[in-house]
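Morning, everyone. Please have the model open on your screens, and follow along as I go through it.

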Amino acid sequence: MLALLLSLGLDNAYREYASHATNLRSALLNSYDKMIPPVSNRTDVYESADGGKTSLAGTEVGVNLRVFKVESVDTASSHLKLKVWFRMQWSDLRLAWDPAEFGGITQTQMRAAAITIDQDSDIWLPDIQPYNAGEAVASTLEPSVALVISDGTVYWSRPGILDILCKFRGLNAFPFHRELRCPIDVGGWMLSGTFQGISLLDGGSTVYDAVANEDSSGSSCAARNSGAHSSAPFADASSDRLDRYAEWHVGNISAELRSLTYPCCPNEPWPVIAYDVRLTREQTFFVRRASAHPSPPCEAASECMLPARGAVQLLPA
C-alpha cells in the first residue's frame, strides 16, 4: 500500500510539473522578441574612442571552446577541422521568474538552433562565430537546447565540427615540421559590443583530456599516452589503442580578449577572442604505418643495389 501511495504521489508530482512548466514557458515567451538583445545588468567595460564605458543595452556573453580532437589537417588547402563543444553563457532578465509562482521550478529548456534559424529557436541567441570559418557554424554545429535558470542566466552548448581556414604557422620546416599553429578569431558578426559584450568563460578554452577518457574519445592526443615513458613505447603497435592514434593532436590553446574599432564607427567596439591553437605531430602515427606496411625483402641482389650517382631511377607505374 505504501508503495502504491508513493507511486500515486510521484504521478501527481509529475503531472503538476508538466502543468507548471507549460505555464512557465507561456509566461516567459509571451510578447518575447527573440531578435532584440536581452535586458541585463552589464558590468563589462569596453574601450572606445571616447574612453572606457559600460553599455546599458544588451548583455555580456561568456564564450568557451572545448576541443575534443583534431578531425583533419590539410596544409595544402589551409583547412583545419576540430571536434568541439562551443559553449556560451549570458544573462537575459526577460527570462527570469520567481520559482515559488511555478511550483518551485528553478530551470527550464528552450529550443536554440541559431540566431539566423528563427523557426527552430525560442529565445534570443548570440551572434558570435569564428571570422575565419571555412563553413558557417550554423551548418557544422548541431542544434541544441539552451538551459535557462530562474535568475535569467542562459547556458548554451553545441557539439559539432569547426571548419577553419588557417594561416598555418610552422610550415617553414616542411616536411619535417612537428608543430603547427592556427589562429582563430571569434566575435560578433552584426552585433557590436554595445549590444553584445564578450568575455572568457572558464578561461575561454578547454582541451579534452583524451588520456583519462580514452575509451570514448577516439583520441588524437596520443602524446600524453601513459606508454610515452615506457622503455618500449611502441611495443604494442598492433593494439586497438594505437590504431586510434591520429597524426595530429592539440597541444595547447590560448585565448586572449581584444577589442577592435572601425573608422566608420569609432564609438562602436567589437570585442574578439583571439585563439591560438597549437597542433603537435605524432611520431607513433608514422611508426604504426611503417610497422603495418613493412618493406618486402630483396629477392635478388640487383634489387637491393642503389642507382649510380647521377643516374635516373625509373619506378614502375
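Start with Trp85. Buried or exposed, or something in between? At 31% relative accessibility, Trp85 counts as partly exposed, because the buried class stops under 20% and the exposed class begins over 50%. One caution before I go on: this is a predicted model.

Trp85 belongs to strand β4, residues 79-91. What does Trp85 touch, once we leave out residues up to four places away in sequence? Asn64, Leu65, Arg66 and Phe68 are on the list. So are Ser157, Arg158 and Pro159. Look at Leu65 in particular. Along the chain, Leu65 and Trp85 are 20 residues apart. Their C-alpha atoms are separated by 6.2 Å.

Now zoom out. Six helices and 12 strands make up the secondary structure. The protein has 317 residues, and 37% of them are buried. Now take contacts between residues at least 6 apart in sequence. Of these, 71% join residues at least 24 apart. The accessible surface is about 17900 Å². Carbon and sulfur atoms account for 55% of that surface.

On to salt bridges. How many does the structure hold? Six. I'll take three of the pairs.

Pair one is Asp92 with Arg94. Their closest N and O atoms are 3.0 Å apart. Asp92 is buried, because its relative accessibility is 0%. Arg94 is partly exposed, at 23%.

Pair two is Asp122 with Arg111. Here the N to O distance is 3.1 Å. This pair links distant parts of the chain, 11 residues apart. Arg111 sits in strand β5, residues 107-112. Asp122 sits in the loop between β5 and β6, the latter covering 128-130. Why is Asp122 classed as buried? Because its relative accessible area is 10%, and the cut-off is under 20%. Arg111 comes out partly exposed, at 40% relative accessibility. There is a third partner to show you. Arg25 joins Arg111 and Asp122 in a network of salt bridges.

Pair three is Asp276 with Arg181. The closest N and O atoms are 2.7 Å apart. Again, distant parts of the chain are linked, and here the two residues are 95 apart. Asp276 is in strand β12, residues 265-281. Arg181 is in strand β9, residues 179-188. Asp276 counts as buried, since its relative accessible area is 11%. Arg181 counts as partly exposed, since its value is 25%.

Last stop, the interior space. The structure holds one cavity of 30 Å³ or more. How much space lies in the largest cavity? About 50 Å³. Which residues line the largest cavity? Lys34 and Met35 do. Ala114, Ile115, Ile117 and Asp118 do too. Add Ser121, Ile123, Trp124 and Leu125, and the lining is complete. By class, that lining has seven nonpolar residues, one polar and two charged.

Let me leave two views on the screen. In the first, Trp85 sits in strand β4, in contact with Leu65 and Pro159, among others. In the second, Arg25, Arg111 and Asp122 share their salt-bridge network. Over to you for questions.

Technical notes. Residues are numbered from 1 along each chain as its sequence is written. This is a predicted model: local features need pLDDT of at least 70, side-chain atom pairs count only at pLDDT 80 or more; totals for chains, interfaces and linings use all residues. Side-chain values use heavy atoms; hydrogens and water are left out. Helices (H or I, at least four residues) and strands (E, at least two) are DSSP runs, numbered from the N terminus. Buried means under 20% relative accessible area, exposed over 50%, partly exposed in between (1.4 Å probe, protein chains only). Contact means heavy atoms within 4.5 Å. Accessible areas come from the Shrake-Rupley method with a 1.4 Å probe; for residues, only the protein chains shown count as cover. On a 1 Å grid over the protein atoms alone, a cavity is a set of points where a 1.4 Å probe fits but cannot get out, and a pocket is an open set with protein on both sides within 12 Å along at least five of seven lines; lining residues have an atom within 4 Å of a point. Grid points are joined across faces, edges and corners, and a volume is the space filled by probe spheres set on the points. Ala, Val, Leu, Ile, Met, Phe, Trp, Tyr, Cys and Pro count as nonpolar, Asp, Glu, Lys and Arg as charged, and the others, Gly among them, as polar. A salt bridge is a side-chain nitrogen of Lys or Arg within 4 Å of a carboxyl oxygen of Asp or Glu.
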